[in-house]
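Dear colleague,

Please find below the structure that I am passing on to you. I would be grateful if you could look it over before reading my notes.

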Amino acid sequence: MSKILIIYHTLSGNTEDAAHLVAEGVREDKDVQVTVKLAREAGSEDLLSCDGIVVGTPDYFDYMSGMVKDFFDRTFYATRDDVRGKPCVTFVTHGGGGKARDSLIRICDSFHFNMITGPVMVQDRPDEEEAEALRNAGRMLAAAIK
Ligand SMILES: Cc1cc2nc3c(=O)[nH]c(=O)nc-3n(C[C@H](O)[C@H](O)[C@H](O)COP(=O)(O)O)c2cc1C
């Protein structure tokens, strides 16, 4: 069975809600197993063993959250030869700015992920339109790893 890993960080729950909405979209495909993990609890093995990766971050001070950056820092050397071309979806929750988007795009570029869609931008807690965009990103990633 194909595997998708969703990693995220959250303080007040917005990005966690968004992560579970992406997972909902993935789960519509019964052939794909999805795991949702806090970035601080995920490591190189998780990244290496999944067929597709979703990274979700809040915007903190116009940058991705420190915990998501820490995940990338910890895994870069151990995975960089093996994750080139790995299908990836990203999303950012923000309070009205959203400049963290740029940092996420740059770092995914350094890993040479195959960007399927995103960053999906969500203002604070996902509304119904944003929820559907997140589910759709999950569906797109599930389709891409077939
Ligand atoms: C420390 C801190 C810094 C923030 N800085 C920004 C910012 O620079 N731009 C922005 O649009 N929102 C900013 N926000 C708002 C959050 O990005 C937004 O509320 C987000 O959805 C929080 O996600 P979470 O509930 O998963 O922690 C900040 C929030 C916090 C707590």
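The notes below take the ligand site, the core, several helices and strands, and some individual residues in turn. Please bear in mind throughout that this is a predicted model.

The ligand site

The ligand is surrounded by 18 residues, and T10, T15, P58, G95 and G97 are the closest. Three elements give two or more residues to this shell: α1 (14-27), β3 (52-60) and β5 (87-94). Of the elements, β3 gives the most, with three residues. Sorted by class, the shell holds eleven polar, four nonpolar and three charged residues.

The core and helix α1

The largest nonpolar core has 41 residues, and the members that touch the most others are I4, I6 and V22. With neighbours up to four places away in sequence left aside, the contacts of I4 are V26, V32, V34, C50, D51, G52, V54, L141, A142 and I145.

Helix α1 consists of 14 residues and spans 20 Å between its first and last C-alpha, close to the 20 Å expected at 1.5 Å a residue. Its buried residues are N14, T15, D17, A18, A19, L21, V22, G25 and V26. Thus V22 appears both among the buried residues of α1 and among the core members with the most contacts to other members. The buried residues of α1 pack against five strands and one helix, namely β1 (2-8), β2 (32-38), β3, β5, β6 (114-123) and α5 (128-144).

Strand β5 and its partners

Strand β5 is mostly covered, with eight of its eight residues buried. In a regular strand, the side chains alternate between the two faces of the sheet. In β5, P87, V89, F91 and T93 point one way, while C88, T90, V92 and H94 point the other way. The residues of both sets are buried.

Strand β5 runs parallel to β3, to which six bridges join it. Within this pairing, V54 has V89 of β5 as its bridge partner. Strand β5 also pairs with β6, again in the parallel sense, over seven bridges. There, V92 has M121 of β6 as its bridge partner.

Helix α3

Helix α3 (residues 66-79) has 14 residues and should therefore span 20 Å at 1.5 Å a residue; its end C-alpha atoms are 20 Å apart, which agrees. The buried residues of this helix are M67, V68, F71, F72 and T75. They pack against β1, α2 (44-49), β3, β4 (63-64) and α4 (100-110).

L104 in helix α4

L104 belongs to helix α4. This residue counts as buried because 20 or more other C-beta atoms within 10 Å are required, and L104 has 23. L104 and F91 are 13 residues apart along the chain, and their C-alpha atoms are separated by 8.8 Å. Apart from neighbours within four places in sequence, L104 is in contact with V55, T57, M64, T90, V92 and P119.

The loop between α4 and β6

Two residues of this loop deserve mention, F113 and H112. Is F113 buried or exposed? F113 is buried, since 20 other C-beta atoms lie within 10 Å. Residues up to four places away in sequence aside, F113 touches I53, V83, K86, C88 and C108. Between F113 and R125, which are twelve residues apart in sequence, the C-alpha to C-alpha distance is 27 Å. H112, by contrast, counts as partly exposed, because it has 13 C-beta neighbours inside 10 Å.

Backbone geometry

Most residues other than glycine have a negative phi, and most peptide bonds are trans. Which residues have a positive phi although they are not glycines? H112 is one of them, with a phi of about 60°, and D124 is another, at about 55°. D124 is found in the loop between β6 and α5. It counts as partly exposed because 17 C-beta neighbours lie inside 10 Å.

A cis peptide bond, with omega about 0°, joins G118 and P119. P119 is placed in strand β6, and this proline is also one of the contacts of L104.

With kind regards

Note on methods:
Residues are numbered from 1 along each chain as its sequence is written. This is a predicted model: local features need pLDDT of at least 70, side-chain atom pairs count only at pLDDT 80 or more; totals for chains, interfaces and linings use all residues. A residue is near a molecule or strand if its C-beta atom, placed from the backbone, lies within 6 Å of it. Helices (H or I, at least four residues) and strands (E, at least two) are DSSP runs, numbered from the N terminus. Ala, Val, Leu, Ile, Met, Phe, Trp, Tyr, Cys and Pro count as nonpolar, Asp, Glu, Lys and Arg as charged, and the others, Gly among them, as polar. A nonpolar core is a set of buried Ala, Val, Leu, Ile, Met, Phe, Trp, Tyr and Cys residues joined through C-beta atoms within 7 Å. A residue is buried if 20 or more other C-beta atoms lie within 10 Å of its own, exposed if 12 or fewer, and partly exposed in between; C-beta atoms are placed from the backbone. Two residues are in contact if their C-beta atoms, placed from the backbone, lie within 7 Å. The expected span of a helix is 1.5 Å times one less than its number of residues. Two strands pair if DSSP finds at least two bridges between them.
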